[in-house]
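This report describes how the parts of one protein chain fit together, and then turns to two backbone details. The sequence and the structure come first.

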Amino acid sequence: MLHKRKLFQSIGIFFIAIVLLIASSMMSFLEQPLAAAAGVDHVTLTWESDPKTTQTITWRTEETEPAGQVRYAERKFIKSFPHNARIIDAKVETLVTNRGNMNIHSVTLMGLKPGTGYVYQINEDSEWGETRTFSTPPAKNEVFKFLVFGDSQSINYEVWRRTLQQAYQTNQDAKFFINVGDLVDVGQDYAQWDAWFNASQGVIDRIPAMPLTGNHENYTPERHFSLPVLFTAQLKVPVNGPESLRRQVYSFDYGDIHFVMLDSQIGEQVQLVPEILEIQKTWLEQDLAATDKKWKIVFLHRPPYHNKAGGANARIKGAFVPILDKYHVDVVFSGHEHDYARTYPIYNDQVADSPGKGTIYVTTGRSGSKTYNDTAASEWDAFFYNPLDEPNYLVVEMENQILHVKAYKQSGVLIDSWSIDKNMEFK
Ligand SMILES: [Fe+2]
């Protein structure tokens, strides 16, 4: 009996030792510096300016690398490349992170031809790297597709990689993609961005990403709040938003759609941007009043119409929904709750007869590993699905004034399909 007790004690001590060993190795992993890999990585397309005539390209190197260059030419003249290439110098900024310093290089190619394919290469150490491609939209494009991803924050970004790559493989005609915030779990830990950008390669260097921030972009490893500086330093989206919310709030046009990205992090930024709602309300009014696009789509991380227990965002709803009503925003996409939910058309906080008379609010789901089991359909929902079994993504297609939205599981199983037809609804 004594012998058995000693045996159990020994096994117990052994397991405790193993747990301590794993914990200490994880701590050292979390604390270890993560300098940029030698050479160019995290090649990223965004639009800082008009998608029809510009393309922004951003990448990362070690801090010691001088400013790089991009050379590019029309794809149809590939046989003459690189002799026919234009070369543009990058702007370079040193980014200070908890994992070491690195250089972020960025170029916006200007004066591009609408509806044209291009090839490009990035210069590094006096050598030109991989030949990649991008395309500009036609001057008038009535048929196009884009992808929308719910929160990609993960313990393991292989989950995000599979969702993104699967969505792109089955939708290679998608022109760009949008993340609705909480791209990473700890927004001021560079290791998370390293994993996110690495998982995004093969897509983000071919079609632009136009993401917005979520609350997790504001978190430091010590669980303090910060401005989302690692997001705004690396994702060169337009700077046409309010000065104090530069690259956190912006708008752009693609085809006949006006896209608006807002910031719902009122609690996280209360000390940093105290007037965050008032500033955005003023800007949003001006922005929506100024557009002549037939379609308006707004993205906002925290949903005005929620599904999570205790998840009401009353101040956000009170600030933005009257403006969304006033300018008839067609669809609002949100995240944060990691479920997929679609409301009936809503106007003045009441269910409206048709999409022509109200706004449809969509909570996008999750593209990463994190799930919640305390969400449920609300009275305003026309459809609800909690993607506990696998991540999901949305495919949004504009086709001659009909907006088609389809929600898929990562594996390609259709979850929901709906559309708004302006030929019918708005006569
Ligand atoms: Fe969130």
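Across the interface of domain 1 and domain 2, five salt bridges are found in this predicted model. In a salt bridge, the side chains of Arg-247 and Glu-48 come to 2.8 Å, N to O. Polar contacts between domain 1 and domain 2 amount to 15 residue pairs, with both residues at pLDDT 80 or more.

On the side of domain 1 that touches domain 2, the elements giving two or more residues are β1 (41–46), β2 (55–62), β5 (91–97), β6 (100–109) and β9 (132–135). Of these, β1 gives the most, with five residues. By residue class, that side of domain 1 divides into 10 nonpolar, 10 polar and five charged residues.

The domain assignment sets domain 1 at 41–135 and domain 2 at 143–425. Their C-alpha centres are 27 Å apart. In terms of contact, 25 residues of domain 1 meet 30 residues of domain 2. The two domains bury about 2100 Å² between them, and 56% of this area is on carbon and sulfur atoms. Within domain 1, the residues that lose the most area to domain 2 are His-42, Trp-47 and Glu-48, which together account for 30% of what that side buries. Glu-48 is also the partner of Arg-247 in the salt bridge given above.

UniProt, in an unreviewed entry, places two domain features on the chain. Residues 41–136 carry the feature "domain: Purple acid phosphatase N-terminal" in that record, and residues 144–340 carry "domain: Calcineurin-like phosphoesterase". The table gives the computed values for both spans.

| Span | Distance between end C-alpha atoms | Helix | Strand |
|---|---|---|---|
| Residues 41–136 | 23 Å | 0% | 57% |
| Residues 144–340 | 23 Å | 29% | 16% |

Two points of backbone geometry remain. Most residues other than glycine have a negative phi, and most peptide bonds are trans. Where does the model have a cis peptide bond? A cis bond joins Phe-81 and Pro-82, with omega at about 10 degrees. Pro-82 sits in the loop between β3 (69–74) and β4 (86–89). The other point concerns phi: His-336 is not a glycine, yet its phi is positive, at about 75 degrees. His-336 belongs to the loop between β15 (331–334) and β16 (340–343).

Definitions and conventions. Residues are numbered from 1 along each chain as its sequence is written. This is a predicted model: local features need pLDDT of at least 70, side-chain atom pairs count only at pLDDT 80 or more; totals for chains, interfaces and linings use all residues. Side-chain values use heavy atoms; hydrogens and water are left out. Domain bounds come from an automatic or database domain assignment. Contact means heavy atoms within 4.5 Å. Buried area is the accessible area (1.4 Å probe) that two parts lose on being put together, summed over both. A salt bridge is a side-chain nitrogen of Lys or Arg within 4 Å of a carboxyl oxygen of Asp or Glu. A polar contact is a pair of N or O atoms within 3.5 Å; within protein, one must be able to donate a hydrogen and the other to accept it, and residues adjacent in sequence count only if both atoms are side-chain atoms. Helices (H or I, at least four residues) and strands (E, at least two) are DSSP runs, numbered from the N terminus. Ala, Val, Leu, Ile, Met, Phe, Trp, Tyr, Cys and Pro count as nonpolar, Asp, Glu, Lys and Arg as charged, and the others, Gly among them, as polar. UniProt positions are given in the numbering used here, feature names are shortened, and annotations may be inferred rather than shown by experiment.
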